[in-house]
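Me: Please take me through one part of this structure closely, beginning with a single open space and then following its surroundings outward. I would like the cut-offs behind each term as they come up.

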Amino acid sequence: MYFNALEKSLDSFICETISDRSDRPGLIVIQKLMYAAKVDLFKRFSEEFNSCFTTPADFDDLIKELIEVGKLRNLVVHADWSSTDEEGYTYVRLKTSSNGTFQEYVQFSVESLNSLVERIIKANHRLSDYWEWKYERMQDHLRGVS
């Protein structure tokens, strides 16, 4: 639920960036994009905007966090919950490395899942903070303030 809210915030910001008059062009662009592609698109649009201003110090951290919570969310959503053992280890995916292919297990707990929810909520707040910063820069620019 919280991840969905984060993704919808991202959708809104992309749509607003593409056109401040209508969401329609933005919705056409993002219609079939996965979350990671939306983050990448948001990043590229934002970097273009930031090139005209001083980039916020935490912008790169925001992008990294958006990517990380997406990966963590996928681990939870796509985990094979029927394989969970008494210690909370759950099969999440096959991984291939130079040492071969192996099954990856993650230990989930109520605490770790609650922590992920908190990270997703904070990421959404950070995204909103960035958007407010961007809006303020645009308003200053329109008023002729540097």
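What volume does the second largest pocket have, and which residues line it?

Reply: The model is a predicted one, in which local features need pLDDT of at least 70 and side-chain atom pairs count only at pLDDT 80 or more, whereas totals for chains, interfaces and linings use all residues. Residues are numbered from 1 along each chain as its sequence is written, and side-chain values use heavy atoms, with hydrogens and water left out.

The second largest pocket has a volume of about 190 Å³. On a 1 Å grid over the protein atoms alone, a pocket is an open set of points with protein on both sides within 12 Å along at least five of seven lines, a cavity is a set of points where a 1.4 Å probe fits but cannot get out, and lining residues have an atom within 4 Å of a point. The grid points are joined across faces, edges and corners, and the volume is the space filled by probe spheres set on them.

The lining of this pocket consists of Glu 16, Thr 17, Ile 18, Ser 19, Asp 20, Trp 131, Lys 134, Tyr 135, Met 138 and Gln 139. Two or more of these residues come from each of α1 and α5, and α5 makes the greatest contribution, with 5 residues; helices here are DSSP runs of H or I with at least four residues, strands are runs of E with at least two, and both are numbered from the N terminus. By class, the lining divides into 4 nonpolar, 3 polar and 3 charged residues, where Ala, Val, Leu, Ile, Met, Phe, Trp, Tyr, Cys and Pro count as nonpolar, Asp, Glu, Lys and Arg as charged, and the others, Gly among them, as polar.

Thr 17, Trp 131 and Lys 134 lead on to an enclosed space, since they line the largest cavity together with Phe 13, Ile 14, Phe 42, Phe 45 and Ser 46. The structure holds 1 cavity of 30 Å³ or more, and about 30 Å³ of space lies in the largest. At least two of its lining residues are supplied by each of α1 (2–18), α3 (35–50) and α5 (110–143), and the lining as a whole has 5 nonpolar, 2 polar and 1 charged residues.

Phe 45, one of the cavity-lining residues, is found in helix α3. Its relative accessibility is 30%, so Phe 45 counts as partly exposed, a class that lies between buried (under 20% relative accessible area) and exposed (over 50%), with a 1.4 Å probe and protein chains only. Leaving aside neighbours within four places in sequence, Phe 45 is in contact (heavy atoms within 4.5 Å) with Thr 17 and Ile 18, which are both in the lining of the second largest pocket.

Ile 14, another residue of the cavity lining, is touched by Ile 30, which is found in helix α2 (residues 24–30). With a relative accessible area of 5%, Ile 30 is buried, and, with residues up to four places away in sequence not counted, Ile 30 also touches Asp 11, Cys 15, Lys 38 and Leu 41. Ile 30 and Leu 41 are 11 residues apart in sequence, and their C-alpha atoms are 9.0 Å apart in space. Asp 11 lies in helix α1 and, at 9% relative accessibility, likewise counts as buried; on the same basis of counting, its contacts are Ile 30 and Lys 38.

On α3, Phe 42 and Ser 46 of the cavity lining also take part in a helix pairing. Helices α3 and α4 (residues 59–77) pack at an angle of about 175°, with their axes 10 Å apart, where axes are lines fitted to C-alpha atoms, for helices over the stretch in contact, and angles run from 0 to 180 degrees between N-to-C directions. The two helices are therefore roughly antiparallel, a term for angles over 145 degrees, with those under 35 counted as roughly parallel, 65 to 115 as roughly perpendicular and the rest as oblique. From α3 the contact uses Tyr 35, Val 39, Phe 42, Lys 43, Ser 46, Glu 47 and Asn 50, and from α4 Phe 59, Leu 62, Ile 63, Leu 66, Ile 67, Val 69 and Gly 70. These residues comprise 9 nonpolar, 3 polar and 2 charged.
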